[in-house]
Structures are given as structure tokens and as C-alpha cells.
Amino acid sequence: FESCHQGIFSMANINLLHLSGSPQRSDVFPSVDRMTNLEVLILEDFKFVGSIPQALGRLSKLRRVKLVNCNLNGAIPNLSNSSIEELHLIQNKLSGTIAPMPQTLRSLQLAFNKLMGPLDNIFGLDRLEALDLSQNEFSGNFFLPSGIAQRLRQLKIYSNQFSSVSLNQSDWSALKICDMHDNDFTCPAPDWLREKCLIECK
């Protein structure tokens with residue numbers, strides 16, 4: 001990590017940080033422990049070595065996190081004690097299951113990773129309005145409780161291995177954008193899902 005960037009991460013009074021890097025240069029994810037006033041963290045196009053630091057979950061003022069195309073691997077840390085409202089971890093190499101998430105979350109974008117397993121840690125996020133799990137390795141039945149479905153405005157789960165979907169049409173009145181194509185859904189699929197969510201069944 002360049003020395004000028006390292007200096008920034010030692011400053012406690014910064015509340016917004018947006019940096020773009022170089023995918024050709026390997027770096028270690030910088031320490032964020034001192035950034036106690038940070039509210040927005042956006043890092044794009046870095047080639048980090050390693051995983052997302054647990055320290056992000058300890059920054060009490062942090063509301064928006066976008067780590068996009070940063071080569072991050074390993075599991076998502078437990079962020080349940082944070083107050084993050086937007087968590088975008090798109091286009092990394094994250095693996096394992098979805099970790100416990102903060103109840104404050106409104107937007108969860110995890111597309112283009114290697115995540116899999118159950119979605120239980122999403123079920124309690126009753127403020128969630130946007131969910132993107134596209135281009136991962138999720139499988140089995142896709143289900144969200146009514147409490148989440150009724151608030152969700154955007155849902156993308158395309159290019160996974162889901163085989164079935166359990167959704168009630170009456171729960172999805174707020175949904176504006178929906179994409180479920182390129183999964184392993186078996187026929188028949190409800191007409192409203194085929195039309196609204198681009199479902200292809202086999």
C-alpha cells in the first residue's frame with residue numbers, strides 16, 4: 001500500500017474515504033482501527049492479499065462499505081454488532097456462507113464471489129431493500145420470509161444453482177427489479193415469477 005494511503009488510514013478525524021487502486025499491484029488491506037469517525041469507506045480496484053478485517057465491525061459510526069474488485073478472499077466477518085446500512089462486496093473472491101449481518105442493513109450486494117450455503121443470516125434483516133447474490137454458488141431452495149419480501153425493492157440472484165423458489169406473490173408488491181435467470185429451477189414455475197424475475201426452468 002502506498003505510503004500516502006497508509007497515512008490516511010491512521011487519521012481518526014476522517015468520515016469519508018474513497019480510493020481507487022491498481023489491480024496490478026498487490027497490497028495488504030490497511031488497518032482501520034484508528035478511523036473511529038469513519039462513516040463511508042469505498043475502495044475500488046485494489047489487489048489486496050487476504051480477507052476483510054474484523055475491525056470493520058468495530059467502527060461504530062460506519063454506515064456505508066463498498067469494497068469492489070479488491071481481490072479479497074476468505075469469509076465475510078461477523079458484522080452483526082455494527083451499524084452498517086450499505087454493504088457492497090462485489091467482484092471479489094469471498095467464500096463460505098453469509099456471516100451474521102447488522103440489523104440496520106438496507107442494501108446487501110455480494111455479487112461475483114464464491115459464496116454458498118444457507119441464507120439464514122439474511123432472514124432477520126427487516127430493513128433490507130436491495131439484495132444481490134448473483135454469480136455465486138448458492139443452491140437448493142430460494143426462500144425469504146414475508147417480513148423481508150414485503151420491503152424488498154431489488155432482488156438479483158442470477159447465475160447460481162438454485163433448484164426451486166418458495167415465494168408468495170402477495171409478498172412482493174414493492175419489488176421493482178428482479179432477476180433470477182441462469183439457475184437450475186425445475187418446471188413448472190409460477191407465471192408471475194417467470195414474467196417478473198426472468199426465471200428459466202428446466
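**Exercise 1. Strand pairing in the sheet**

Determine in which sense strand 9 (residues 107–109) and strand 11 pair, and over how many bridges.

*Solution.* Strand 9 and strand 11 pair in the parallel sense, over three bridges. The model examined here and in the exercises below is a predicted one. Within this pairing, Ser-107 stands opposite Ala-130 of strand 11.

The next step is to place the two strands in their sheet. Eight strands make up an open sheet, with the order 1-3-5-7-9-11-13-15 and parallel pairing. At its edges stand strand 1 (16–20) and strand 15, each with a single partner strand, so one side of each has no neighbour in the sheet. On average, and with direction ignored, neighbouring strands of this sheet are turned by 5 degrees against each other.

**Exercise 2. Strand 5 and its partners**

Describe how strand 5 is joined to strand 3 and to strand 7, and identify the residues on the covered and the uncovered face of strand 5.

*Solution.* Begin with strand 3: five bridges join this strand to strand 5, and the two run parallel. Leu-41 stands opposite Val-65 in strand 5.

Turn then to strand 7 (residues 86–88), which is joined to strand 5 by three bridges, again in a parallel arrangement. Here Arg-64 stands opposite Glu-86 in strand 7.

The faces come last. In a regular strand, side chains alternate between the two faces of the sheet. The covered face of strand 5 holds Val-65 and Leu-67, whereas Arg-64, Lys-66 and Val-68 belong to the uncovered one.

**Exercise 3. The largest nonpolar core**

State how many residues the largest nonpolar core has, which of them have the most contacts inside it, and which element supplies the largest share.

*Solution.* The largest nonpolar core has 60 residues. Those with the most contacts inside this core are Leu-56, Leu-67, Ile-122, Leu-155 and Met-180.

As to its sources, at least two residues of this core come from each of strand 1, strand 3, strand 5 (64–68), helix 2 (146–149) and helix 3. Helix 3 supplies the largest share, three residues.

Leu-67 may be followed further. With neighbours within four places in sequence left aside, the contacts of Leu-67 include Phe-29, Leu-41, Leu-43, Ile-52 and Leu-56. Also among them are Leu-72, His-88, Leu-89, Ile-90 and Asn-92. In soluble globular proteins, nonpolar side chains tend to be buried together.

**Exercise 4. Aromatic pairs**

Of the five aromatic pairs in the structure, classify the pair of Phe-29 and Phe-48 from its geometry. Then do likewise for Phe-138 and Phe-162.

*Solution.* In the pair of Phe-29 and Phe-48, the ring centres are 4.9 Å apart and the planes stand at 50 degrees, so the pair is tilted. The two residues lie 19 residues apart: Phe-29 in the loop between strand 2 (26–28) and strand 3 (40–44), Phe-48 in strand 4 (residues 47–49). Both Phe-29 and Phe-48 are buried.

For Phe-138 and Phe-162, the centre-to-centre distance is 6.2 Å and the angle between the planes is 5 degrees; this pair is stacked. Phe-138 belongs to the loop between strand 11 (130–132) and strand 12 (139–143), and Phe-162 to strand 14 (residues 161–166), 24 residues apart. Phe-138 and Phe-162 are both buried.

One group remains to be noted: Phe-29, Phe-46 and Phe-48 form one aromatic cluster.

**Exercise 5. Disulfides**

Establish how many disulfides there are, and give the handedness of each link.

*Solution.* The count comes to two disulfides.

One of them is formed by Cys-178 and Cys-197, whose sulfur atoms are 2.1 Å apart. With 100 degrees about its S-S bond, this link is right-handed. Cys-178 lies in strand 15 (residues 177–179) and Cys-197 in helix 3 (residues 191–197), so the disulfide ties together parts 19 residues apart in sequence. Cys-178 is buried, at a relative accessible area of 7%, and Cys-197 is buried at 0%.

Cys-187 and Cys-201 form a disulfide with sulfur atoms 2.1 Å apart. The torsion about the S-S bond is about 90 degrees, so this disulfide is right-handed. Cys-187 sits in the loop between strand 15 and helix 3, and Cys-201 in the segment after helix 3, 14 residues apart. At 42% relative accessibility Cys-187 is partly exposed, while Cys-201, at 17%, is buried.

Finally, with the bonded cysteines numbered in sequence order, the pairing reads 1-3, 2-4.

Methods:
Residues numbered from 1 in each chain as written. Predicted model: local features only at pLDDT ≥ 70, side-chain atom pairs only at ≥ 80, totals over all residues. Heavy atoms only, no water. Phe/Tyr/Trp six-rings, centres within 6.5 Å; stacked < 30°, edge-to-face > 60°. Helix = DSSP H or I, 4+ residues; strand = E, 2+ residues; numbered from the N terminus. Buried < 20%, exposed > 50% of the residue type's maximum accessible area, 1.4 Å probe, protein only. Disulfide = S-S within 2.5 Å. Pairing = 2+ DSSP bridges. Axes fitted to C-alpha atoms, helices over the stretch in contact; angles between N-to-C directions. Core = buried A, V, L, I, M, F, W, Y, C linked by side-chain atoms within 4.5 Å. Contact = heavy atoms within 4.5 Å.
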